Amino acid sequence: MLKLQFLGATQTVTGSKFLVTQRNKHLLVDCGLFQGLKAFRLKNWIPFPVNPRQLETILLTHAHIDHSGYLPLLVKNGFRGTVYTTAATRALCEILLPDAGHIQEEDALFANKHRFSKHHPALPLYTEEDARRSLEYFKPVPWGKKVSLGRDLSFVFHPAGHILGASLVQLSASGVLVTFSGDLGKPNSLLMSPPKSIPKTDYLVVESTYGNRTHPKENPEETLKTIIHKTIKRGGTLIIPAFAVGRVQEVLLLLARLRKKKAIPNVPIYLNSPMAVEATRTVQLFQKEMSLSVEEAAMIAQTASFVTTVEESKKLNSLLFPSIIISASGMATGGRILHHLKSLAPNHRNTILFAGFQAAGTRGEALVGGAKQIKIHGLLVPVRAEVRILDSLSAHADQEGILSWLRHFTKAPRQTFIVHGEPLAADTLRKRIEEELHWKCHIPDYGESVDLN
């Protein structure tokens, strides 16, 4: 008996967790934290359906927190198995997971200090130390290597093209082949090669973040240039909330190219995210796994001034000259970007430029949707700055990109499960797959279990 249970990324883009049970053996593909809407975040506190001590294996598709950030809690609650990743994902998790623990501790401390939490005291889900302890269970494996997990159970990682280290997972269990797309990359990414084509599978779990959309045909370099000139002309600062892994490096590459061509004024550029700084250095270590030249990898690391201390970070909010500030998190859910938004969003001269998808319930979604005020640290902050979004920088394949990848299968899977998308995105993709490929599709509910015969 082979069973698959959906414990996250069901009609939402967060909390990816897929529990595979083979007889009495439990395996988890992805171990993501729920982010965004409070209804989703509360799911992080629900006890895991299997005793973590009975969970033997975790396979991580990539390092983003919505795919890896629940792992420290499982370790805290008793998980002692093996976490398989690629080497680059392991390196990025060394940066992202402790930072996630630190942010939760800081948020709990701030909530207790200012008494705006309903819980007394407010407690973090896990700590930075919990996160560091979870790294002890990681075991990197190369792409394309078949790894045996015991009788009739094995897996292989293939490049997914999403971010550095991101993988597709092919799991073979009792003669049944199950493929998990993880997050699929674009065919024309600035940083990554396209996702690997997969010829066959019995069951497919595929993401649908952009299942109802296509990326704009705009040239991101030209769009960014225009926004920079417009902001500087009115004497403002450009604030770019960006994901520390992947998106920050894409933005830095575009800025480096514009500077090299002298297409933008020589204003200061600051990278204010310790996590993004470390991730940018990691990109150089794994440059050969990306579609970057050695020169481009060096340019990314040299374009911005790296801000490391809290004191330096605070000074950026009172600069008297135009500048560009890149900071995390990309959806403005936490991190140093909140302090910049708190100080700079009320000024009409400034521009807030989001560089990718904004999940429901995040401050990023509210701002892109035209919110005139947002709540930060319990206070309502007026928004007078111009708000823009650069959708063409998304690290996800759009609807056409997903369908193009699906067409490489030589025959239809027995069942395709559509996950990691808002309800409209998932359902739109389902309709196109059913109508054009004539595949059998299903959009699972949270907690739903299916038998894979």
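# Exercises on a predicted model

Asparagine 188 sits in the loop between strand E10 (176-180) and E11; helices (H or I, at least four residues) and strands (E, at least two) are DSSP runs numbered from the N terminus. The model is predicted, so local features need pLDDT of at least 70 and side-chain atom pairs count only at pLDDT 80 or more, while totals for chains, interfaces and linings use all residues. Residues are numbered from 1 along each chain as its sequence is written, and side-chain values use heavy atoms, with hydrogens and water left out.

## Exercise 1: a loop residue and a pocket

Task: State whether asparagine 188 is buried or exposed, then place it relative to alanine 395 and the second largest pocket.

Solution.
- Step 1. Fix the classes: buried means under 20% relative accessible area, exposed over 50%, partly exposed in between (1.4 Å probe, protein chains only).
- Step 2. Asparagine 188 has a relative accessible area of 58%, so it is exposed.
- Step 3. Go along the chain. Alanine 395 is 207 residues away in sequence, yet the two C-alpha atoms are separated by 9.7 Å.
- Step 4. Define the pocket. On a 1 Å grid over the protein atoms alone, a pocket is an open set of points with protein on both sides within 12 Å along at least five of seven lines, whereas a cavity is a set where a 1.4 Å probe fits but cannot get out; lining residues have an atom within 4 Å of a point.
- Step 5. The second largest pocket has 16 lining residues. Lys186, Asn188, His215, Pro216 and Ser392 lie nearest its centre.
- Step 6. Its volume is about 320 Å³. Volume here is the space filled by probe spheres set on the grid points, which are joined across faces, edges and corners.
- Step 7. The lining divides into 6 nonpolar, 5 polar and 5 charged residues. Ala, Val, Leu, Ile, Met, Phe, Trp, Tyr, Cys and Pro count as nonpolar, Asp, Glu, Lys and Arg as charged, and the others, Gly among them, as polar.

## Exercise 2: threonine 214

Task: Locate threonine 214 and list its contacts beyond four places in sequence.

Solution.
- Step 1. Threonine 214 is in the loop between strand E11 (203-207) and helix H6 (220-233).
- Step 2. Its relative accessibility is 45%, so it counts as partly exposed.
- Step 3. Contact means heavy atoms within 4.5 Å. Leaving aside neighbours within four places in sequence, threonine 214 touches Asp398 and Glu400.
- Step 4. Now take methionine 275. It is 61 residues from threonine 214 in sequence and 30 Å away in space, C-alpha to C-alpha.

## Exercise 3: the cores

Task: Which residues of the largest nonpolar core touch the most other members?

Solution.
- Step 1. A nonpolar core is a set of buried Ala, Val, Leu, Ile, Met, Phe, Trp, Tyr and Cys residues joined through side-chain atoms within 4.5 Å.
- Step 2. The largest core has 96 residues; Ile58, Ile326 and Leu406 touch the most other members.
- Step 3. Helix H4 (residues 87-114) gives the most to this core, with 8 residues.
- Step 4. Expand isoleucine 58. Neighbours within four places aside, its contacts are Leu28, Cys31, Leu71, Leu74, Phe79, Thr82, Val83 and Tyr84.
- Step 5. Another core lies apart from the largest one. It has 28 residues, among them Leu153, Phe157, Val205 and Leu452.

## Exercise 4: cysteines

Task: How many disulfides does the whole structure hold, and where is the cysteine sulfur nearest to that of cysteine 31?

Solution.
- Step 1. A disulfide is a pair of cysteine sulfur atoms within 2.5 Å. The search finds 0.
- Step 2. Cysteine 31 is in no disulfide; the nearest cysteine sulfur belongs to cysteine 93, 10 Å away.
- Step 3. For cysteine 93, the closest cysteine sulfur is in cysteine 31, and 10 Å is too far for a bond.
- Step 4. Cysteine 31 has 0% relative accessibility, so it counts as buried. Cysteine 93, at 0%, is also buried.

## Exercise 5: backbone exceptions

Task: Which peptide bond is cis, and what is the phi of arginine 23 and of alanine 332?

Solution.
- Step 1. Recall the norm: most residues other than glycine have a negative phi, and most peptide bonds are trans.
- Step 2. The bond from alanine 328 to serine 329 is cis, with omega near 15°. Serine 329 is in the loop between strand E15 (324-327) and helix H11 (337-344).
- Step 3. Alanine 332 has a positive phi near 60°. Its place is in the loop between E15 and H11. At 0% relative accessible area, it is buried.
- Step 4. Arginine 23 has a positive phi of about 55°. It lies in the loop between strand E2 (17-22) and strand E3 (25-31). Its relative accessible area is 40%, so it is partly exposed.
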